[in-house]
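Welcome! Open the structure in your viewer, switch on the side chains, and let's walk through its aromatic rings together.

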Amino acid sequence: MSEPASPFPTALEWEPQPQPGVWVIPPPRQRWWFYGLFFVLTMFSTTVVGARMEFNFLHQQPVFSLNDDSLPLFPIGWIAQHPANLLLGLPFSVTLMFILFAHEMGHYLYARYYRVYVTPPLFVPCPYFSLFGTLGAFIRIKSSIPSRAALFDIGIAGPIAGFIPACVALVYGLSLSRPISQPVASSAASIQLGFPLAFHLAARLLHIAMPLSALSLHPIAAAAWVGMFATALNLLPCGQLDGGHIVFSISPRLHRWISLLTIVALVPFGKYLWMGWLVWAILLTITARHPLVPRYPDVSGWRRTIALCGVVMLVLTFTPAPLTHGSGREVWQEVWPTIRDGARDTLHDLRDGVRKHLHRK
């Protein structure tokens, strides 16, 4: 006769069961030397460009003068002959790099606060194909964002952090600016800048009566212009730009329609005001989709008030025509005769080659 089973578990049954293993994958180690190298390269390229700006300013010329007696856009030969001239570019480069660094660190610090894995700021030098020696800086988000509130904070922190030093540089640099030594009409070989609303308000604050186009901007004011231009680009309410992040955090459905309207609006802007808007329309079309983000915590309360501040910053920094006489229509009218003549010459050469080939046969 077998013994009845005990209603109580044995000692072995009370022992803890083995738990499945948990693997913690640490984030890859950052290549700080790589980001530091690009920072140094960008610092050098903006300093060389800034030295040229300081040279033009000291001679009371437009900041981007292209006259025959002016320096090239990237005067590396002039710097090589007189290395001390590189110091002239520090006011522009230090101011611009600080504005860009503040912008990116606003994103970076808030991302770290929400435990989002991001890369350090990567500065992009562009010595010969940019008026400013750089194409800006960016960080890459390599992990998911926990909520729309976190997305909003990360998106808005950069523009605010960059806008504040840009305003300080604007007021200080504009107070140091001087009138151009020659009439504006005779400076046709200069690249004329368009100015955002913030520049006009600062000029009124400083009681500057003459038009801004008649001023030789101090390099610090030129750096403020670049910083505000970069802020406006990032605040465009489209795709995965800072403005797109802000709109998506408030309403993903609204983000889809506002992104579409922004892209459509940039097309006539590019045709009639500045050709660069056409390039931005293409880039934003490619990156219009936004990754999904968990809804809660939602964007409400004081965050919506700060969102209105983002709209104000966009209005103050946006320049419909950053470079005058650079609309798509004007550029096409200048380029088309060259394309037409080149195509005509190519057809003539091709026809002559075919005739010679047939004649030999």
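## A tour of the rings

Start by selecting F199. In this predicted model, F199 is buried, with a relative accessible area of 0%. Now add F195 to your selection. F195 is buried too, at a relative accessible area of 17%, because buried here means under 20%.

How are the rings of F195 and F199 arranged as a pair? They form a tilted aromatic pair, with 5.4 Å from centre to centre and 40° between the planes.

Next, move to helix α6, which covers residues 219–234. Select W225 and F229, which both lie in this helix. They are 4 residues apart, about one turn of the helix. Their rings form a stacked pair: the centres are 5.4 Å apart and the planes are at 20° to each other. The pair counts as stacked because the angle between the planes is under 30 degrees.

Are W225 and F229 buried or exposed? W225 is buried, with a relative accessible area of 3%, and F229 is buried as well, with a value of 12%.

Keep W225 and F229 selected and add F64, F132, F269, W274, W277 and F318. Ring pairs link these residues, together with W225 and F229, into a cluster. Try colouring the cluster to follow the links from ring to ring. Across the whole structure, a search finds 16 aromatic pairs.

For the last stop, select R31 and F34. What sits over the ring of F34? The charged end of R31 does, 4.9 Å from the centre of that ring.

Notes
Residues are numbered from 1 along each chain as its sequence is written. This is a predicted model: local features need pLDDT of at least 70, side-chain atom pairs count only at pLDDT 80 or more; totals for chains, interfaces and linings use all residues. Side-chain values use heavy atoms; hydrogens and water are left out. Rings of Phe, Tyr and Trp (its six-membered ring) pair if their centres lie within 6.5 Å; planes under 30 degrees apart count as stacked, over 60 as edge-to-face and the rest as tilted. Buried means under 20% relative accessible area, exposed over 50%, partly exposed in between (1.4 Å probe, protein chains only). Helices (H or I, at least four residues) and strands (E, at least two) are DSSP runs, numbered from the N terminus. A charge sits over a ring if NZ of Lys or CZ of Arg is within 6 Å of the ring centre and within 35 degrees of the ring normal.
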